[in-house]
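Please study the sequence and the model shown below before attempting the exercises. Each exercise consists of a task and a worked solution.

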Amino acid sequence: MSADGSAAPIRTTCPYCGVGCGVLARPRPDGSVEISGDPAHPANFGRLCSKGSALGETVGLDGRLPRPILRGPAGEREVDWDEALDTVALRFRRIIDEHGPEAVAFYVSGQLLTEDYYVANKLVKGWLGTANIDTNSRLCMSSAVAGHVRAFGEDVVPCSYTDLETADLLVLVGSNTAWCHPVLYQRILAARERRPEMKIVVIDPRRTSTCEIADLHLPLRAGSDVALFNGLLAYLQQHGHADTTFVETRTQGLLETLQAAGPCRLDDVAVECGVDSSRLSAFYQLFAETAKAVTAYSMGVNQASSGTDKVNAIINCHLLTGRIGQPGMGPFSITGQPNAMGGREVGGMANMLAAHLNLDDAGHRSLVRDFWQSPRIAEKPGLKAVDLFQAIGRGEVKAVWIIATNPVVSMPDADAVRDALRRCELVVVSDCVADTDTAKLAHVLLPAAAWGEKDGTVTNTERRISRQRAFLPLPAAARQDWWTLCEFAKRMGFDGFDFQSAHEIFLEHSALSACGNDGDAKMPNRATRCFNLAGLAELDEFEYAAMAPVQWPVVQKPINLNAATDAALNYAAAFSTANGRARFVPVQVRAPGSTLSSGYPMVLNTGRVRDQWHTMTRTGRAPRLAGHTPAPVVTVHAQDAANYSLAEGELARVATQWGALTARVRVGTEVPAGTMFVPIHWSDAFAADARVGALVNPIVDPISGEPEFKHTPARIVPWPVQWQGVLLSRTAPELAVVDWWARGAGYQHSRYELAGLTVPASWSIFTKTLFGGNAQQGDWLELEDAADGIYRAALLREGRLEACLFVGRTAALPSTDWLARLFTQPKLEAAERMALLSGRAAGGEDAGPVVCSCFGVCLNTLRHAIRLEGLKTTQQVGKKLRAGTNCGSCLPELRLLLIQPLST
């Protein structure tokens, strides 16, 4: 225990992206948690991104679901676990008896631990007898999975993070690594500093922050990836860069693949992709002449109606050149979620079996059934995510259990998903948060353990298994998800679910992974799989508890379980196909699934912003993450802003055939003309009318079932309002009186951006209504200038600031960052009270909006230091202010500040 009474740090794993960073969590006596990066973890070596660094701000119990809830016509009531699970089992049993097992389904998440995922898959496929279990990983990684299986015979990522650092050429395709995987970005930056000759190419329609480190940026037309990589394949073949020995001995299908690609004249490919032919030629030549090349790709590749073909077009180029399975070489799918890989290992998707076995293979089904000793086994693929919710809407699926995900926000055509759940006979939701958009529609709510309370394992994007350890007690009636599923199974009369710990589940999962490998008598003449955890199948509980990060395959028990271990794939021996050869996959150019029209002339692209995650149920609690992008935005090119009369900071209405939203306009050149970009994060819990999933078309890749999040025809128009405002308040306001709002977390308060279509007859009455019951006590300060449309109000109680409201006719309102700091003070000074209505910070310059979230360094602070101290480099800025020295995701913005005129 430390001098301040804090407990010893617990080694655990970050719950955000698929990088899988190690975290040291140290609970303090006051209930807070100190967070730092784990220097011993081989994924991050002590680094954390802005989100990981802020984890300590997210572990409070506000907004948690404490106990099971049943809802019905008479309302809702808290119940104990026995009543809740008895109800769920009774209703599932009745629906199955009346309509069969295909009438029920589970929709789970890459946020689950592997042990939770394993039990869910075993329950559904082995005892319920249906494959209707899918996951939100369908929305981000299923095209990569399908591409791996087509090429390698198994869903195997053939690279490690060290390959990113040792490659002489790194090609980043559809991956804003600087924002979405900042720790990997930092590792890449460090590698470039050690080896300046290393080349980086970014292929992305947007000029993202990642492009700041690129030697070459190819802003290809959205959806043209297959044309680009088919062109590269043809170029490599035509210019003699094929590894003929590797192709002849380790692969199959090249001739058909080259025929499908066609001649691919460089000028024609350039036109198809919308890029300059000289830049395209430079990329082709660089790839051809650089043996140690890694092509890393992410959502920009996967989230398309041709996503699987894009993946295979990339892999084809690496197979042709033999650049796979060797250091610094290979196609590298960068995973989005913390345990998307673990979910894939246990068969968590509707078209998979556990342990990388094939649901379509009768021998594989028999092997799994025999291992589980289950009464049945699913015999056909289940419904993939989009199909699943459409089946719920049609009444074909009558019960759905949703675990650790928020599909009413994250799914495409999300309004249809919401309507489907409203009509569904039984909706069960397991979650740690009480008030998500999806939880509002549940008939049964079951409280789940959250990060910090969960115990088990996750697998990151380089196949590395890490322990996620509990360092906080379970609050109230919250339970581990595997426990909830096992208790349900017992009430259904199923055996095989008597697990007493995550350790026991992990051992069974590991043992199953070894079945059918290495000439197992039950699987004659079948390919050996790379996924193998046989060496972990006999760990005792102490070894499991202490297990350091380990990369699979793990055929033999590691000599030292307390030290991280690596494992290479032996592609010099064989791939996981029946004949041991990798497959070239013929792919052809296909247009996106929906086309532009006069009514919807622009392309809507969606994705993440730097400091938020998924639907903000965790990151939305952290004040330090709210400053960078405080409200939903739509980014458009300056040319489109002029064409459609859009102004920076004003509100606009974005609409598609499927839905509409309202967001603030951001004008820039990072998006191509004719396209717009909207973040995925905002839900009804954080903004009015800003769920971009409602706008996304439900078209999917025909092989993977992954939706086309990157290309939906859309239109945009100004949304003229009569006033806009900013409210900071310690208590929740009555938001029904405003037409649009967006909420962000602050220290001891929340921040709301507001807008209205009409001006209230009395601002004073409006404000007191907005503040609700909070307005009845305390001292009011008000200022109104009706001619200029200005109104300001503040509520103080015993000298402490309770709430303040700034209103104007445009979005050009005073900055409120300085106001936020007043909420941390027990009492305001006289000068601060006067400043409340002036709109100017008391005692000095406002620090401005946050640029570096990790250390809270703001825009005006940076400008001041750059101007007065003559800072010229990001290293100098980091040394002076620490900005950019942790996760590095703000470094592109720092570079822009350094080259801007000092007067700005």
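The exercises below concern a predicted model and treat a helix, several strands, a pocket and a cavity.

**Exercise 1. Helix α24**

Task: Determine which residues of helix α24 (residues 763-771) are buried, and where they lie around the axis.

Solution.
Step 1. A residue counts as buried when its relative accessible area is under 20%. By this criterion, the buried residues of α24 are Trp 763, Phe 766, Thr 767, Leu 770 and Phe 771.
Step 2. These residues cover an arc of only 130° around the axis, which puts them on the same side of α24. In an α-helix there are 3.6 residues a turn, so residues three or four places apart point the same way.
Step 3. The buried residues of α24 pack against five strands: β27 (723-729), β29 (749-756), β30 (779-785), β31 (790-797) and β32 (800-808).
Step 4. After α24 comes Gly 772, which has a positive phi near 65°.

**Exercise 2. Strand β29 and its partners**

Task: Establish how many residues of β29 are buried, and in which sense β27 and β28 pair with β29.

Solution.
Step 1. Of the eight residues of β29, seven are buried, so the strand is largely enclosed by the rest of the structure.
Step 2. The strands of a sheet pair through backbone hydrogen bonds, in either a parallel or an antiparallel sense. β27 and β29 run antiparallel and are joined by seven bridges; within this pair, Gly 725 faces Leu 754 of β29.
Step 3. Strand β28 (residues 740-746) also pairs with β29 in the antiparallel sense, over seven bridges. Here Gly 744 stands opposite Arg 751 in β29.
Step 4. β28 and β29 form a hairpin with two residues between the strands, in which Gln 748 has a positive phi near 65°.

**Exercise 3. The second largest pocket**

Task: Describe the volume of the second largest pocket and the residues that line it.

Solution.
Step 1. The volume of this pocket is about 880 Å³.
Step 2. Its lining holds 36 residues; those nearest the centre are Asp 62, Gly 63, Arg 621, Arg 743 and Ser 750.
Step 3. β28 and β29 each supply at least two lining residues, and β28 gives the most, with four residues.
Step 4. The lining divides into 14 nonpolar, 14 polar and eight charged residues.

**Exercise 4. Strand β25**

Task: State whether the residues on the two faces of β25 are buried or exposed, and identify the sense in which β21 and β22 pair with β25.

Solution.
Step 1. Five of the five residues of strand β25 (residues 675-679) are buried.
Step 2. Thr 675, Phe 677 and Pro 679 lie on one side, while Met 676 and Val 678 lie on the other; both faces are thus covered.
Step 3. Strand β21 (residues 602-607) pairs with β25 in the parallel sense over five bridges, and Leu 604 stands opposite Met 676.
Step 4. Strand β22 (residues 633-637) runs antiparallel to β25, joined by two bridges. Thr 635 has Phe 677 in β25 as its bridge partner.

**Exercise 5. The second largest cavity**

Task: Give the volume of the second largest cavity and the character of its lining.

Solution.
Step 1. The structure holds five cavities of 30 Å³ or more, and the second largest contains about 90 Å³ of space.
Step 2. Its lining includes Cys 14, Tyr 16, Leu 48 and His 181.
Step 3. The lining residues divide into nine nonpolar, two polar and no charged.

Methods
Residues are numbered from 1 along each chain as its sequence is written. This is a predicted model: local features need pLDDT of at least 70, side-chain atom pairs count only at pLDDT 80 or more; totals for chains, interfaces and linings use all residues. Side-chain values use heavy atoms; hydrogens and water are left out. On a 1 Å grid over the protein atoms alone, a cavity is a set of points where a 1.4 Å probe fits but cannot get out, and a pocket is an open set with protein on both sides within 12 Å along at least five of seven lines; lining residues have an atom within 4 Å of a point. Grid points are joined across faces, edges and corners, and a volume is the space filled by probe spheres set on the points. Ala, Val, Leu, Ile, Met, Phe, Trp, Tyr, Cys and Pro count as nonpolar, Asp, Glu, Lys and Arg as charged, and the others, Gly among them, as polar. Buried means under 20% relative accessible area, exposed over 50%, partly exposed in between (1.4 Å probe, protein chains only). The arc is that of the directions from the helix axis to the C-beta atoms. Contact means heavy atoms within 4.5 Å. Two strands pair if DSSP finds at least two bridges between them.
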